[in-house]
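Trainee: I should like to take a close look at a single part of this model and then see how other parts are arranged. Please guide me through it in one connected account.

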Amino acid sequence: MMKYLQRLGKSLMLPVACLPVASILMGIGYWIDPNGWGANNVAAAFLIKAGSSLIDNMAILFAIGVGVGMSDDNDGTSGLAGLVSWLMITTLLAPGAVAMFKGVDVSEVPAAFGKIQTQFTGIISGIIGATCYNKFKNTKLPPALGFFSGKRCVAIVTSATSIVAALILFFVWPMVYGALVSFGEAIISTGAVGAGIYAFFNRLLIPTGLHHALNSVFWFDVAGINDIANFWGQAGNGVYGQTGMYMTGFFPVMMFGLPAAALAMYHTAKDNKKKIAGGLLLAAGLSSFFTGVTDPLEFAFMFLAPALYFVHALLTGVSAFVCTILPVRAGFNFSAGLVDWVLSFKAPMAQNPLWLIPIGLVFGVIYYVVFRFMIVKFDLKTPGREDDDDTTEEMDAKLANNNFTAVAETILKGLGGKENIVTIDNCVTRLRLEIKDNTKVNEKIIKSAGVAGVIRPSKTAIQVIVGTQVQFVADEFKKLCK
């Protein structure tokens, strides 16, 4: 089950990758016309509308992205099946259709059906499409129906399955929606404390990939909070001084806290490993600061020093709490890095975003002091402090030289050769692999490629933390395994 949920989390990153484009377009548009949101300037209106075309249809992107990501071979047919499922479910459960089924006026239809076109439905549709594709892509029909054999039958099966899903949701969705709204309202009612609790669990769930499910409640229109769209003025339901409270607290952590933590880990690394540790931590720290992509850095110490990661999650919650009680709000479309911070200045719900600089500097100091103290006091095995005899020269950081073929070759050698590889996949920062025999895995060899770390979710699953260049490594890895 956990493996399936992790795969779903990875699949969600495909549509989420579309958000930086929306962020840039809408950010520039708001800079041009911060008051009229495009009403006073055609160029601004053009850019804002272009960006909102992605934000407003994120649920559809989820349906297609999850459909492709959850398929066995990432085939586009699965994405099309996800779209088929989305169209059928949302049409059958639209308020007008529900009113007709029940024989009542539209005004009497439960509010839940007015929110059926959400990211939640998109995810469900994508899962349906991918599941139908995986099970029926090789179906062989009698000659008379031969045209619909194989992948062509996927859409037909998906349609039938989606009708059943819509029937189930017809009864279940109002209850699920009500529960989610109650949960969201409970968190909102606790104000800054709720924001802190959310941010804490957001980080704590990163290793499992389940943070995406939690994010959807607060960032998207699943429970009526819709923090991202409201912050950028797309949903029109934002409350100045409140909207953005589930995003603001991440900026001090990603722009200052984690880079400071990386500095603490570098300063406490063994002298003969400082060079290789410094290369890894510098790249990961810059990634966190500029883009808000934290996986390379967090996974560098998450399993080496879990107590340290727990403290990181706790500090993230504290940051969210502090930012919420202060008159400061900033938002993002991708993640809480420098780029999104700058672009959010002129967003409708932005409030004193410059305050995040001094707040971030304070958290940077806290992170550095806490991390350095804990690493030294408890002898935590952060990067550069592992108990082995590798020297800087032996740990050749091929990744730093963009020699992706060499990196792939080293990783493959550490995994026991291509004969030991069952499946190859990757997400934004990780190479995800299924192997036959885990006794053939040599983590020391894998790490010598300059990667951030190695994770073993199960006996046959291996995840290699490469960083944002993982796609290039994956491509070379697949070539070597042919």
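How many residues has helix 9, and how far does it reach from its first C-alpha to its last?

Mentor: The model before us is a predicted one. Helix 9 covers residues 192-204, which is 13 residues, and it reaches 18 Å from its first C-alpha to its last. At 1.5 Å a residue the expected value is 18 Å, and the reach is close to that. Several residues of helix 9 are buried, among them Ala192, Gly194, Ala195 and Gly196. Tyr198, Ala199, Phe200, Asn202 and Arg203 in helix 9 are buried as well.

Helix 9 belongs to a chain that holds 20 helices and 4 strands. The chain has 482 residues, and 53% of them count as buried. If one takes the contacts between residues at least 6 apart in sequence, 73% join residues at least 24 apart.

The same check of length can be applied to helix 12, residues 250-267. Its 18 residues should span 26 Å at 1.5 Å a residue, and the end C-alpha atoms are 24 Å apart, which agrees. Helix 12 nevertheless bends, by about 35° at Gly257. A proline, Pro259, follows Gly257 within four residues. Helix 12 is also mostly covered, with 14 of its 18 residues buried.

From the bend one can pass to helix 17, since Gly257 is one of the residues that Phe363 touches. Phe363 is found in helix 17. With a relative accessible area of 5%, Phe363 falls under the 20% limit and is therefore buried. Leaving aside residues up to four places away in sequence, Phe363 touches Pro252, Gly257, Leu315, Val318, Ser319 and Val322. Phe363 and Val253 are 110 residues apart along the chain, yet their C-alpha atoms are separated by 7.0 Å.

Leu315, Val318, Ser319 and Val322 lead to the pairing of helix 15 with helix 17, in which they take part. The axes of helix 15 (residues 306-325) and helix 17 (residues 356-377) come within 11 Å and cross at roughly 160°. An angle over 145 degrees counts as roughly antiparallel, and helix 15 and helix 17 are therefore roughly antiparallel to each other. Helix 15 passes helix 17 in a right-handed crossing. On the side of helix 15, the residues that meet helix 17 include Ala307, Leu308, Val311 and His312. On the side of helix 17, they include Leu356, Ile359, Phe363, Ile366 and Tyr367.

The loop between helix 16 (338-343) and helix 17 contains Asn352. Asn352 has a positive phi of about 45°, although it is not a glycine. At 34% relative accessibility, Asn352 counts as partly exposed. Asn226 also has a positive phi without being a glycine, and its value is about 50°. Asn226 lies in the loop between helix 10 (211-219) and helix 11 (227-231). Asn226 is buried, with a relative accessible area of 11%.

Two further helix pairs may be set beside helix 15 and helix 17. The axes of helix 4 (residues 58-69) and helix 7 (residues 119-136) come within 7 Å and cross at roughly 25°. That angle makes helix 4 roughly parallel to helix 7. Helix 4 passes helix 7 in a right-handed crossing. In this contact helix 4 supplies Met58, Ala59, Phe62, Ala63, Val66 and Gly67, while the residues of helix 7 include Gly122, Ser125 and Gly126.

Ser125 appears again among the residues that Ser85 touches. Ser85 lies in helix 5 (residues 76-92) and is buried, with a relative accessible area of 0%. Besides Ser125, Ser85 touches Ile128, Thr158 and Ser162, not counting residues up to four places away in sequence.

The other pair is helix 18 (residues 404-414) and helix 20 (residues 470-480), which pack at an angle of about 60° with their axes 8 Å apart. These two helices are therefore oblique to each other. The crossing of helix 18 and helix 20 is right-handed. The contact involves Phe404, Thr405, Val407, Ala408, Glu409, Ile411 and Leu412 of helix 18. Helix 20 contributes Phe472, Val473, Glu476, Phe477 and Leu480.

Methods. Residues numbered from 1 in each chain as written. Predicted model: local features only at pLDDT ≥ 70, side-chain atom pairs only at ≥ 80, totals over all residues. Heavy atoms only, no water. Expected span 1.5 Å × (residues − 1). Bend = angle between axes of the 7 residues up to and from the residue. Buried < 20%, exposed > 50% of the residue type's maximum accessible area, 1.4 Å probe, protein only. Axes fitted to C-alpha atoms, helices over the stretch in contact; angles between N-to-C directions. Parallel < 35°, antiparallel > 145°, perpendicular 65-115°, else oblique. Left-handed = near helix turned anticlockwise from the far one by under 90°. Contact = heavy atoms within 4.5 Å.
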